[in-house]
Amino acid sequence: MISNRQIRRKIEQGAEPKGPNGSKVWKILVFVLVVIALVVLVPFGISNLTKGSGAEGQQPEPTPSVAPETSKASASPSPTDAFGTGPQAISNAPSASYAPVTLPPFKEPTVDTGNPESVAKAWAYVYHSRTSEDDIQRLQLTNPYVADALEDPLVSRSTDRTAPLAGLGASRMEAVKFSKNETKDTPIRWARNAEVTVQTDAGPKLVVEYEIQVDATDSGWQLTQASELGWTEKTEK
């Protein structure tokens, strides 16, 4: 009788390929599996490799940008008439190239009311020397030698936006020059044309022209007329 061990051994032996035919079968199976793997996997790998290299080398297309719309250039504003609108007014505001000027301190002038020229000089200095554009307190200094009828018009003119010094800040009179027209003089009247040179702290220097008259009164000589004739900007040579 054949024992169980012998039967199991024969079964195991029968499962193993024997001889050259069994070995050949295994080789064929392995070859077939390798071919199948190459046919299926290699194209898939090449496809992925191609996509990857293409993604790396391809630059993203730039997003088209829209240039911001620029506003149309507007016409330059016309120059403002900072010095007034009268026929003698300077038509343009001072150039931006002006440098601010430090002015000397204001000094109340000494006035000889017995001398008409002294009265005219004192008025010219006080009227054109101001600490600010709104400084009208200084004009009270001229009350003793300016006619009452002339006080209010001079105050109004000094703060008028069409006045020669409008918009130019503080100022100081540098000099005053009187014409030599003594033929208009009488024992009770002294009349001259005057050129007043004024330096402003904004930079420009102006020459303002007046027709001046000083009359004799019981309390001394008084300014009775100061008619503004015009003004020009003075340039240093």
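Ile212 makes a handy way into this structure: its bridge partner in strand 4 is Ala226. The model is a predicted one, and that is worth keeping in mind throughout. Ile212 also touches Ala120, Trp123, Phe178, Trp190, Ala191, Arg192, Ala194, Leu223 and Gln225, leaving aside residues up to four places away in sequence. What follows starts with the chain as a whole and then works back to this residue.

The chain has four helices and four strands. Going along the sequence, they come in the pattern α-α-α-α-β-β-β-β. Of its 237 residues, 30% count as buried. The accessible surface adds up to about 16400 Å², and carbon and sulfur atoms account for 57% of that. As for contacts between residues at least 6 apart in sequence, 57% of them join residues at least 24 apart.

The strands come next. They build an open sheet of four, in the order 1-2-3-4, with antiparallel pairing. Strand 1 and strand 4 are at the edges, where each has a single partner strand, so one side of each has no neighbour in the sheet. From one strand to the next, the twist averages 30°. As a general point, the strands of a sheet pair through backbone hydrogen bonds, in either a parallel or an antiparallel way.

Taking the pairs in turn, strand 1 and strand 2 run antiparallel and are joined by seven bridges. Here Ser171 has Thr200 of strand 2 as its bridge partner. The loop between these two strands holds Pro187, which counts as exposed because its relative accessibility is 77%. Pro187 sits 28 residues away from Asp215 in sequence, yet the two are 9.0 Å apart in space, C-alpha to C-alpha.

Strand 2 and strand 3 are also antiparallel, this time over 11 bridges. Thr197 stands opposite Val207 of strand 3, and Glu195 stands opposite Glu209 of strand 3. The hairpin of strand 2 and strand 3 has four residues between the strands, and in it Gly203 takes a positive phi near 130°. Strand 2 itself has nine of its 12 residues buried, so it is largely enclosed by the rest of the structure.

The pairing of strand 3 with strand 4 is antiparallel too, with 12 bridges. A hairpin of two residues links these strands. Asp215 faces Gln222 of strand 4 across this pairing, and the partnership of Ile212 with Ala226 of strand 4 has already been mentioned.

How does the sheet meet the helices? Helix 3 packs on it, touching strand 1, strand 2, strand 3 and strand 4. The direction of helix 3 makes about 150° with that of strand 1.

Helix 4 has two faces to look at. Leu150, Leu154 and Ser158 of helix 4 are buried. These residues lie on the same side of helix 4, because they cover an arc of only 60° around the axis. On the other side of helix 4, Asp148, Ala149 and Asp152 are exposed. What do the buried residues of helix 4 pack against? Their partners are helix 3 and strand 4.

That leaves the inside. In soluble globular proteins, nonpolar side chains tend to be buried together. In this chain, the largest nonpolar core has 31 residues, and those that touch the most other members are Trp123, Ile212, Val214 and Leu223. At least two residues of this core come from each of helix 3 (116-128), helix 4 (148-158), strand 1 (171-178), strand 2 (189-200), strand 3 (205-217) and strand 4 (220-233). Helix 3 gives the largest share, with eight residues. This brings the account back to Ile212, whose list of contacts includes Trp123 and Leu223.

Key
Residues are numbered from 1 along each chain as its sequence is written. This is a predicted model: local features need pLDDT of at least 70, side-chain atom pairs count only at pLDDT 80 or more; totals for chains, interfaces and linings use all residues. Side-chain values use heavy atoms; hydrogens and water are left out. A nonpolar core is a set of buried Ala, Val, Leu, Ile, Met, Phe, Trp, Tyr and Cys residues joined through side-chain atoms within 4.5 Å. Buried means under 20% relative accessible area, exposed over 50%, partly exposed in between (1.4 Å probe, protein chains only). Contact means heavy atoms within 4.5 Å. Accessible areas come from the Shrake-Rupley method with a 1.4 Å probe; for residues, only the protein chains shown count as cover. The arc is that of the directions from the helix axis to the C-beta atoms. Two strands pair if DSSP finds at least two bridges between them. Axes are lines fitted to C-alpha atoms, for helices over the stretch in contact, and angles run from 0 to 180 degrees between N-to-C directions.
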